[in-house]
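Here is a note for a colleague who has not looked at this model before. Please read it with the structure open.

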Amino acid sequence: MRCRCLVLNRPIEAVDEPLASYVYEWPLGGDNTAVALGDASLFNHDDRPNADWKTDVQNEMMVFHALRDLEPDEEVFIDYGEAYWERHLACTSNALVKAST
């Protein structure tokens, strides 16, 4: 599956919540971010994903592919990566601190 992207041309640290929870590295492994359009923005995380993705920088698209045969109507899962969880935990901690003061 190929999905168009809105390339933000800014690092994740410059993207505010809640949008920061939905951006991807752009290009994959790079310093910028992009928002995937269409179904790609709905993929959930799993430690054992059934899909993976790569960037098509020239066409500003993300290309998703199955890691195994999928059943009809099976949910597609990707691995968000450690950096996502580190950012998410930091944002959640900051929000809790603000709420308690």
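The points below go from the overall fold to the salt bridges, two individual residues and the largest pocket.

1. Status and overall fold. The model is predicted. The protein has 7 strands and 1 helix. In sequence order the pattern reads β-β-β-β-β-β-β-α, with the helix coming at the end.

2. Burial and contacts. The protein has 101 residues, and 26% of these count as buried. How much of the contact set joins residues at least 24 apart in sequence? Taking contacts between residues at least 6 apart, the share is 60%.

3. First salt bridge. The count of salt bridges comes to 2. One of them joins the side chains of Arg-2 and Asp-56, with an N to O distance of 2.6 Å. Arg-2 belongs to strand β1 (residues 2-7) and Asp-56 to strand β5 (residues 51-56), so the bridge ties together parts that are 54 residues apart in sequence.

4. Accessibility of that pair. Are the two partners buried or exposed, or in between? Arg-2 has a relative accessible area of 45% and is partly exposed. Asp-56 is at 16%, and it counts as buried because the cut-off for that class is under 20%.

5. Second salt bridge. Arg-68 and Glu-74 form a salt bridge in which the closest N and O atoms are 2.4 Å apart. Arg-68 is partly exposed at 44% relative accessible area. Glu-74 is also partly exposed, with a value of 25%.

6. Surroundings of Glu-74. This residue sits in the loop between β6 (61-66) and β7 (77-78). What does Glu-74 touch, leaving aside residues up to four places away in sequence? The residues are Asn-50, Arg-68 and Asp-69. Arg-68 is thus on the contact list of Glu-74 and is also its salt-bridge partner.

7. Glu-74 and Asn-50. The side chains of these two residues are joined by a polar contact of 3.4 Å. Their C-alpha atoms are 9.7 Å apart in space, and the residues are 24 apart in sequence. Glu-74 therefore has a polar contact to Asn-50 as well as a salt bridge to Arg-68, on the cut-offs of 3.5 Å for polar contacts and 4 Å for salt bridges.

8. Thr-55. This residue lies in strand β5, the strand that also holds Asp-56. A polar atom of the Thr-55 side chain is 3.3 Å from the backbone nitrogen of Leu-28. Not counting residues up to four places away in sequence, Thr-55 touches Glu-25, Trp-26, Pro-27, Leu-28 and Met-61. Leu-28 thus appears both in the contact list and in the pair with the side chain of Thr-55.

9. The largest pocket. Its volume is about 350 Å³, and 19 residues line it. Which residues lie nearest its centre? They are Val-23, Tyr-24, Ile-78, Tyr-80 and Tyr-84. Two elements give two or more residues to the lining, β2 (23-26) and α1 (82-100).

10. Make-up of the lining. Helix α1 supplies the largest share, 4 residues. By residue class, the lining of the largest pocket divides into 11 nonpolar, 4 polar and 4 charged residues.

Note on methods: Residues numbered from 1 in each chain as written. Predicted model: local features only at pLDDT ≥ 70, side-chain atom pairs only at ≥ 80, totals over all residues. Heavy atoms only, no water. Buried < 20%, exposed > 50% of the residue type's maximum accessible area, 1.4 Å probe, protein only. 1 Å grid on protein atoms, 1.4 Å probe; cavity = no way out; pocket = protein on both sides within 12 Å on 5 of 7 lines; lining within 4 Å. Points joined across faces, edges and corners; volume = space filled by probe spheres on them. Nonpolar A, V, L, I, M, F, W, Y, C, P; charged D, E, K, R; others polar. Polar contact = N/O pair within 3.5 Å; in protein donor to acceptor, adjacent residues only side chain to side chain. Contact = heavy atoms within 4.5 Å.
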